[in-house]
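Hi there,

Here is the structure I promised to pass on to you. My notes on what turned up in it follow below, so please have the model open while you read.

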Amino acid sequence: MLEVLKARIHQKYRTIAYPDGPAPELSDRFAGKPLVRPGLCGRLQCARCLEICPTGAIELGTDSDPLIDMGKCLFCRKCEQVCPSGAIQFSPEYRLCAATRDELIVGPDSKDLSPAFNATAGRLFKRSFKLRQVCAGGCGACEADANVLGTPAWDMERFGIQFVASPRHADGLLITGPVTENMRLALEKTYEAVPAPKVVIAVGACAISGGAYADHPQQCNGASAIVPVDLFVPGCPPHPLTLLNALLRFICRIPESGNSG
């Protein structure tokens, strides 16, 4: 027993300080919010980014500048790599959540994403927010990064956020995967089992748009086709910091002013 206590003291406190302190340092390889530099693409109109994007997340706007749909984007950076003019760059900005689907489309004139606060969620779930996680045909990556939030380093339970086993004990659903036909009925029944008022959070490109499986006949192109979605968290998969920030914003645990949220 003494050895266990000595080891615990040696480990010290390992939970990150965020959001009361700085966000943890991210790898140089992290791909956050894409930035589009105006005017550069229009000179060349090479369309290389459109051709190489695996999910069709890029289209050209009225000024021939690219528009990137983060709801479809896999953040693979292929468009950034092939762009001869450097018009597309992925920033280290991890705050990516949005309350509406249209907000996920970024271009040269895009403003910062809205805070995605939900007044109802903030009033009802600010101190206790229980979610039933539904893997609706995902590959497991979004599910794994969501589960990371339960580890001592992230400890989302300090904010009252927990994953629960039964939808009847949940305040809402956290959905990953494109919603395969085999999961359609299960998702519908799970949603019906959550007591009202309830919320739905779509996590990852698959749950938002179908991702790499978009338009395949055996899936539904995301959760919105089956249930109403209140919060979109893009990524493939979203970084745990992106997801934690999204959850805290949604329940108004991060102040509207300030760099954390």
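Ala-116 has a relative accessible area of 5%, and because anything under 20% counts as buried, this residue is buried. Ala-116 sits in the loop between β5 (105–106) and α5 (119–125), and its phi is near 65 degrees, a positive value in a residue other than glycine. Please keep in mind throughout that this is a predicted model.

Arg-77 tells a similar story. Arg-77 is not a glycine, yet its phi is positive, at about 70 degrees. The loop that holds Arg-77 runs between β3 (66–69) and α4 (78–82). Is Arg-77 buried or exposed? Its relative accessibility is 18%, and since the cut-off for buried is under 20%, Arg-77 counts as buried. A further positive phi, of about 60 degrees, belongs to Cys-252, just after α9.

Now to the cis peptide bonds. One of them leads from Tyr-18 to Pro-19, with omega near 10 degrees. Pro-19 is placed in the loop between α1 (2–11) and β1 (34–36). Another cis bond joins Cys-236 to Pro-237, and there omega is near -5 degrees. Pro-237 belongs to the loop between β10 (231–233) and α9 (240–250).

Cys-236 deserves a paragraph to itself. Like Pro-237, Cys-236 is found in the loop between β10 and α9. Cys-236 has a relative accessibility of 42%; this lies between the 20% and 50% cut-offs, so the residue counts as partly exposed. Which residues does Cys-236 contact, leaving aside its neighbours within four places in sequence? They are Leu-74 and Phe-75. Cys-236 and Ala-205 are 31 residues apart along the chain, while their C-alpha atoms are separated by 6.0 Å.

Cys-236 and Pro-237 also appear in the lining of the second largest pocket, where they are among the residues nearest its centre, together with Phe-30, Ala-31 and His-239. The lining has 13 residues in total: nine are nonpolar, three are polar and one is charged. The volume of this pocket is about 150 Å³.

As for enclosed space, a search of the whole structure gives two cavities of 30 Å³ or more. The largest cavity holds about 80 Å³ of space. Its lining is made up of 13 residues, and those closest to its centre are Cys-53, Ile-58, Cys-73, Cys-76 and Cys-79. How do the lining residues of the largest cavity divide into nonpolar, polar and charged? Eleven are nonpolar, none is polar and two are charged.

Three helices are worth a look too.

Helix α7 covers residues 181–193, which is 13 residues. At 1.5 Å a residue, α7 should span 18 Å, and its end C-alpha atoms are 19 Å apart, so the two values agree. The buried residues in α7 are Leu-187, Thr-190, Tyr-191 and Ala-193. Viewed down the axis of α7, these buried residues fall within an arc of 150 degrees, and they therefore line one face of the helix. Their packing partners are β6 (129–135), β8 (172–176) and β9 (199–203). On the face of α7 turned away from the buried side you will find the exposed residues Lys-189 and Glu-192.

Helix α6 takes in residues 141–148, with Cys-142, Glu-143 and Ala-146 buried. These cover an arc of only 100 degrees around the axis, which means that they lie on the same side of α6. The buried residues of α6 pack against β6, β7 (161–163), β8, β9 and α9.

That brings us to α9 itself. How many of the eleven residues of α9 are buried? Eleven of the eleven are, and the helix is mostly covered. The buried residues include Asn-245 and Arg-249, along with Leu-241, Leu-243, Leu-244, Leu-247 and Leu-248. Pro-240 and Phe-250 are also on the buried list for α9.

Happy browsing, and all the best!

How values were computed: Residues numbered from 1 in each chain as written. Predicted model: local features only at pLDDT ≥ 70, side-chain atom pairs only at ≥ 80, totals over all residues. Heavy atoms only, no water. 1 Å grid on protein atoms, 1.4 Å probe; cavity = no way out; pocket = protein on both sides within 12 Å on 5 of 7 lines; lining within 4 Å. Points joined across faces, edges and corners; volume = space filled by probe spheres on them. Nonpolar A, V, L, I, M, F, W, Y, C, P; charged D, E, K, R; others polar. Helix = DSSP H or I, 4+ residues; strand = E, 2+ residues; numbered from the N terminus. Expected span 1.5 Å × (residues − 1). Buried < 20%, exposed > 50% of the residue type's maximum accessible area, 1.4 Å probe, protein only. Arc of directions from axis to C-beta. Contact = heavy atoms within 4.5 Å.
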